[in-house]
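Work through the exercises below with the sequence and the 3D view at hand, and try each task before you read its solution.

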Amino acid sequence: MARVVYVDMDECIGCESCVEIAPDVFSFDESAGKASVVNPDGAPEDVIQEAIDTCPASCIHWEGE
């Protein structure tokens, strides 16, 4: 079963690094000033992991981990 990624909106600082790395997975909500997951299957896990590792706020996580 594939892992599912999510953004902790309380921790997101709106830097958009995840959107730059995986634009088919993450989207930036202009009104909230935060990123969100729009398609958890939009990129391979290694690309999503790169977005997780790059996030300066450490607000992107795999569900259950």
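**Exercise 1: The two sides of a helix**

On the other side of α2 from its buried residues, D46 and D53 are exposed, where exposed means over 50% relative accessible area, buried under 20% and partly exposed in between (1.4 Å probe, protein chains only). Helices (H or I, at least four residues) and strands (E, at least two) are DSSP runs, numbered from the N terminus. The model is a predicted one, in which local features need pLDDT of at least 70 and side-chain atom pairs count only at pLDDT 80 or more, while totals for chains, interfaces and linings use all residues. Residues are numbered from 1 along each chain as its sequence is written, and side-chain values use heavy atoms, with hydrogens and water left out.

Task: find which residues of α2 are buried, and explain why they lie on the same side of α2.

Solution. Begin with the accessibility of the residues in α2, where I48, A51 and I52 are buried. These residues cover an arc of only 100 degrees around the axis, and therefore they sit on the same side of α2; the arc is that of the directions from the helix axis to the C-beta atoms. The general background is that an α-helix has 3.6 residues a turn, so residues three or four places apart point the same way. As a last step, look for what lies over the buried residues of α2, and you will find that the cover includes β1, α1, β2 and β4. Q49, also found in helix α2, counts as partly exposed at 25% relative accessibility, and, leaving aside neighbours within four places in sequence, Q49 is in contact with R3 and W62, contact meaning heavy atoms within 4.5 Å.

**Exercise 2: The nonpolar core**

Task: state which residues touch the most other members of the largest nonpolar core, and which element gives the most to this core.

Solution. A nonpolar core is a set of buried Ala, Val, Leu, Ile, Met, Phe, Trp, Tyr and Cys residues joined through side-chain atoms within 4.5 Å. The largest such core has 18 residues, of which V5, C18, V25, F26, I48 and I60 touch the most other members. Next, ask where the members come from: β1 (5-7), α1 (17-21), β2 (26-29), α2 (45-54) and β4 (60-62) each supply at least two residues of this core, and α2 gives the most, with three residues. Finally, take I60 as an example, which touches V5, Y6, V7, C18, F26, A51, I52 and C55, not counting residues up to four places away in sequence.

**Exercise 3: Cysteines without a bond**

Task: explain why the sulfur of C12 forms no bond with the closest cysteine sulfur.

Solution. The rule is that a disulfide is a pair of cysteine sulfur atoms within 2.5 Å. The closest cysteine sulfur to that of C12 is in C59, at 4.4 Å, which is too far for a bond. C55 is likewise in no disulfide, since the nearest cysteine sulfur, that of C59, is 3.7 Å away, and by this rule the count comes to zero disulfides. At 9% relative accessibility, C12 counts as buried, and C55, at 9% relative accessibility, counts as buried too.

**Exercise 4: Two residues compared**

Task: decide whether F28 is buried or exposed, and do the same for E30, buried or exposed.

Solution. F28 is found in strand β2 and is buried, with a relative accessible area of 18%. Leaving aside neighbours within four places in sequence, F28 is in contact with G14, E16, V19, G33, K34 and A35. E30, by contrast, has its place in the loop between β2 and β3 (34-37) and is exposed, with a relative accessible area of 65%.

**Exercise 5: The whole chain**

Task: give the order of helices and strands along the sequence, and say how many of each there are.

Solution. Counting gives two helices and four strands, and reading along the sequence gives the pattern β-α-β-β-α-β. The radius of gyration (taken over C-alpha atoms) is 10 Å, close to the 11 Å that the globule rule (2.2 Å times the number of residues to the power 0.38) gives for 65 residues, so the protein is as compact as a globular protein of that length. Of the 65 residues of the protein, 29% count as buried.
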